[in-house]
Amino acid sequence: MNMLSAIAKGMFTTFKHIFRKEVTVPYPEERLPVSPRFRGRHFLVVDDDGLERCVGCELCAVACPADAIYIEAAENTEQVRVSPGERYAKVYMIHMFRCIFCGYCEEACPEDAIFLGKEYEMECYTRDGFIYDKTKLNLNVRGAAKQRPEVLHRLQEDLSTYHK
Ligand code: SF4
Ligand code: SF4
């Protein structure tokens with residue numbers, strides 16, 4: 001009798017859930033919105049004139065508590081101008097395994113050159129793939145949004161912040 005009542009209780013509990021609203025979504029076709037305070041992967045801003053905002057000052061690397069950022073700066077010349085300042089980041093790398101997504105690099109940057117966006121899909125099959133260099137980090141937000149509407153969707157907040 002005890003066993004039967006336990007089964008009935010279990011079935012009743014299961015049955016109750018049939019009528020409850022689902023809390024999961026069919027990812028990746030559908031994605032739940034992330035919190036406004038969510039910090040995802042980084043981007044380095046490239047302005048509409050093609051210049052990188054980063055001036056290679058390394059303040060972000062100094063502020064990083066996880067020692068995740070590596071920068072080699074170089075001088076802009078008349079022939080080669082990469083950023084509006086005197087220098088630019090010739091090499092800029094973030095080790096995503098080290099990063100704890102604290103956002104200190106974003107706070108430390110005097111040029112609003114780096115920001116943590118809303119993207120969280122960073123899966124990769126190799127360890128090297130988690131070292132993000134400028135080819136992965138550089139982003140002209142407005143241009144990217146035109147080419148890929150889903151980027152516009154995900155970076156709306158970043159657009160309003162960085163392209164006033
Ligand atoms: S988010 Fe934090 S841990 Fe990650 S690179 Fe920036 S400062 Fe370093
Ligand atoms: S991202 Fe900002 S803080 Fe970091 S090196 Fe570039 S300009 Fe300096």
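## Ligand 1

Ligand 1 sits in a shell of 14 residues in this predicted model. C64, C99, C102, Y104 and C105 are the closest of them. By type, the shell holds 13 nonpolar residues and one polar residue. Charged residues are absent from the shell of ligand 1.

## Ligand 2

Ligand 2 is also surrounded by 14 residues. Those that come nearest are C54, C57, L59, C60 and C109. This shell divides into eleven nonpolar residues, one polar residue and two charged residues.

## Overall make-up

The chain contains seven helices and six strands. Read from the N terminus, the order is α-β-α-β-β-α-β-β-α-β-α-α-α. The chain has 164 residues, and 20% of them are buried.

Contacts across long stretches of sequence are well represented. Among contacts with a separation of 6 or more, 68% link residues 24 or more positions apart.

## Helix 1 and the loop after it

Helix 1 covers residues 2-18, which makes 17 residues. From first C-alpha to last, helix 1 reaches 25 Å. That is close to the 24 Å expected at 1.5 Å a residue. Helix 1 is hardly covered, with a count of zero buried residues.

The loop between helix 1 and strand 1 holds P28. The peptide bond joining Y27 and P28 is cis, with omega about 10 degrees.

## The sheet built on strand 1

One open sheet has three strands in the order 4-1-6. Its pairing is mixed. Strand 4 and strand 6 are the edge strands, and each pairs on one side only.

Strand 1 (residues 42-45) is joined to strand 4 (residues 114-116) by three bridges. These two strands run antiparallel. H42 has L116 as its bridge partner in strand 4, and L44 stands opposite I114. Strand 1 pairs with strand 6 (residues 138-139) in the parallel sense, over two bridges. There, L44 stands opposite N138.

Which residues of strand 1 are buried on each side? H42 and L44 are buried on one side, F43 and V45 on the other. Both faces of strand 1 are therefore covered. In a regular strand, side chains alternate between the two faces of the sheet.

## The sheet of strands 2, 3 and 5

A second three-stranded open sheet has the order 2-3-5. The pairing here is antiparallel. Its edges are strand 2 (69-75) and strand 5 (131-132), each pairing on one side only. Strand 2 and strand 3 (residues 87-95) pair over seven bridges. Within that pairing, E72 has V91 in strand 3 as its bridge partner.

Y70 lies in strand 2. Is Y70 buried, exposed or partly exposed? Y70 counts as partly exposed because it has 16 C-beta neighbours inside 10 Å, and a buried residue needs 20 or more. Beyond its neighbours within four places in sequence, Y70 is in contact with A61, V91 and M93. D133 is 63 residues from Y70 in sequence, yet their C-alpha atoms are 9.4 Å apart in space.

## Nonpolar core

The largest nonpolar core has 25 residues. L44, V45, C54 and I114 have the most contacts inside it. Strand 1, strand 3 and strand 4 each supply at least two residues of this core. Strand 3 gives the largest share, four residues. In soluble globular proteins, nonpolar side chains tend to be buried together.

Some of these residues appear elsewhere in the picture. L44 pairs across to I114 in strand 4. C54 is one of the residues nearest to ligand 2. V45 is among the buried residues of strand 1.

## Two loop residues with positive phi

D67 has phi near 55 degrees, a positive value in a residue other than glycine. D67 is placed in the loop between helix 2 (59-63) and strand 2. With 10 C-beta neighbours inside 10 Å, D67 counts as exposed, because the cut-off is 12 or fewer.

D112 also has a positive phi, near 50 degrees. The loop between helix 3 (104-108) and strand 4 holds D112. D112 has 11 other C-beta atoms within 10 Å, so D112 is exposed as well.

Notes
Residues are numbered from 1 along each chain as its sequence is written. Chains are lettered from A and ligands numbered from 1 in the order in which they are written. This is a predicted model: local features need pLDDT of at least 70, side-chain atom pairs count only at pLDDT 80 or more; totals for chains, interfaces and linings use all residues. A residue is near a molecule or strand if its C-beta atom, placed from the backbone, lies within 6 Å of it. Ala, Val, Leu, Ile, Met, Phe, Trp, Tyr, Cys and Pro count as nonpolar, Asp, Glu, Lys and Arg as charged, and the others, Gly among them, as polar. Two strands pair if DSSP finds at least two bridges between them. Two residues are in contact if their C-beta atoms, placed from the backbone, lie within 7 Å. A nonpolar core is a set of buried Ala, Val, Leu, Ile, Met, Phe, Trp, Tyr and Cys residues joined through C-beta atoms within 7 Å. The expected span of a helix is 1.5 Å times one less than its number of residues.
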